[in-house]
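Student: Please take me closely through one part of this model, the sheet, and add its surroundings in sequence if they help. I would like the cut-offs behind each term as you go.

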Amino acid sequence: MTLQIKSYSEYKKVYKNSVDNPEKFWAAQARTFTWMKKWDEVVEWDFKKPDVKWFVGGKLNITENCLDRHLKRSGNKTALIWEPNDPSQPYKTYTYNELYEAVCQCANMLKANGIKKGDRVCFYMPMVPELTIGVLACARIGAVHSVVFAGFSATALADRIKDSECKMVICSDYNFRGGKIIPVKEVVDDALKQRCKSVETVIVHQNSGDKVKMKKNRDKWWHDEVPRRRKTCPAVEMDSEDMLFILYTSGSTGKPKGVVHTCGGYMVYTCFTFKNVFQYQKGDVYWCTADIGWITGHSYIIYGPLLAGATTMMFEGVPTYPDAGRFWHICEKHRVNQFYTAPTAIRALMAQGDKWPSHYDLSSIKTLGSVGEPINEEAWNWYNEKIGKGKAPIVDTWWQTETGGIMISPLPGLHKVKPCYAMLPMPGVQPCLVDADGKEIRKKEAEGLLCIKYPWPSMIRTTYGDHERCRQVYFSAFEDKYFTGDGARRDKQGMYRIIGRVDDVINVSGHRIGTAEVENAINEHPQVIESAVVGYPHDIKGQGIYAYVITEGEIADPVAFKKSVHEVVTKVIGPIAKPDKIQIVPGLPKTRSGKIMRRILRKVASGDMDNLGDVSTLLNPQIVDSIKSSKDEAV
């Protein structure tokens, strides 16, 4: 079994060993899994290229470790619980035996429709069991899954399909989300009209039963294609470094990056971190509220829990539907032991008042988790007192799409937790702080740029189709280090607190959105000449999107203009990227080389206008006063 650390003293010993001899440490973790062929070398790496390989020469299939190896002892144990959007509808459960059979049927459907090892399959689906089943079915036959969050627009979906050259799209007819019904198949149809020439087949899961248009010889129903397939399917042999999935994340340039994760290292790391960060015990019910369209859903709804033989939950709905007690009702109903959610959800529920959690019995909760962004102290305290009753430790986890798994986190119940601190690096993770010149800051109490100086098994291997971009974004800033893009503070005890992004990426409700991506969308509005987007403090989302816009001519109705900008952004990216505030300005503060000085715009957006710093290097310093004076006119 994968090592599970049981005390702080053991953590210190294990951590030292993992840093002193990482190859021996990770080999010991890897040996607990089923391999078709053992690896030849534990790790080969060069951050300059970058070129990172783990368990070199090893052969495996991750689904054998998620499913097959549990069947003999735990085949009748509940693997997956699914809670629907509508609480009046029944929930579903799958045992490990049932999930295995469902995955095999779907895998056979993929093969029957021409999908083979190495082909890319795009998922654009709600949080239904068929999404988990489909993802695992791809991994079963060696196809590469690319899950796109089903809130993205047709254009954003098309961009991702074209970039990864997907051969198949699997979607639903409609999504249920709170009180809304979203026409998902319609979005897919619109996306495929945008020169997505690689797509041969669309599989449609009937979620609502309402009528949709089906294109002859391309579109097929899940219920026609999957249930008739055989319930066994051999797992395809995969190299440890074969691609497992592509997941797109926003960067500081306009084009999303296809982060590539591979089979062996990702398997070892996600299982290890799941068992240790959540201290999962046999018989526990674990619930992560994330969407599988994000990395948290991949690593800590599907792969990590199933690799550990856990009972994992999926939830289709939203935390406030039909009321703000929905999360807590589900926790009571299923006697949830580990609960993992985002600060945005915590703040939104906190704003609804204490009466909602007080209605429900939350005594089963042993561990609370936070993910996606640094949690503020007020939300941390509410979460601790009202949900955990001061008895369930909070694991404030720091990690990224690119890291594949949790990197820095408290270990619940093993040591005293410090509010708002991610705290301790996981065994095998070697963080460091550097200054702007890349020099490592060695004193214990310090603030700087967060880097990682040694590879870990689940780290990014490349950005799909553009390895140079991977090098430039993550490995070029500081020699022989992975640069996270985050700033951090370290206290006297060596505990880490993540301050937030230092690049042009905004963390909105735990989701990274590139400023350039939003600017490109806003600039498609016919009345917009130029725009600049920054993040600003937001009570619920953590960070909101603040857009400075130069328009062609005067805008008579700013509210109507904002609405029309929202429509354009929703069409190009999706509703998640709509600006919260729009300020119409006569110009933007630019250096003589034409670069927008976002530092000034961020300060104005956050209301910190007394200390804007040196503006003498600007080409147009007088524009700053104009922006400051019109701030109150932002809508």
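Tutor: Two strands count as paired if DSSP finds at least two bridges between them, and strands (E, at least two residues) and helices (H or I, at least four) are DSSP runs numbered from the N terminus. The model is predicted, so local features need pLDDT of at least 70 and side-chain atom pairs count only at pLDDT 80 or more, while totals for chains, interfaces and linings use all residues. Residues are numbered from 1 along each chain as its sequence is written, and side-chain values use heavy atoms, without hydrogens and water.

The sheet is open and has four strands in the order E21-E22-E24-E25, with antiparallel pairing. At its edges lie strand E21 (431-434) and strand E25 (496-501), each of which pairs on one side only. From one strand to the next the twist averages 45 degrees, with axes fitted to C-alpha atoms and angles running from 0 to 180 degrees between N-to-C directions. Strand E24, residues 482-490, is joined to E25 in the antiparallel sense by five bridges, and Gly 487 has Gly 500 in E25 as its bridge partner.

Earlier in the sequence, helix H14 (residues 377-387) has Ala 379, Trp 380, Trp 382, Tyr 383, Asn 384 and Ile 387 buried, that is, under 20% relative accessible area with a 1.4 Å probe and protein chains only. These buried residues pack against elements including helix H11 (326-334), helix H12 (343-350) and strand E20 (394-396), contact meaning heavy atoms within 4.5 Å. After H14 comes Lys 389, with a positive phi near 55 degrees.

Technical notes. Buried means under 20% relative accessible area, exposed over 50%, partly exposed in between (1.4 Å probe, protein chains only).
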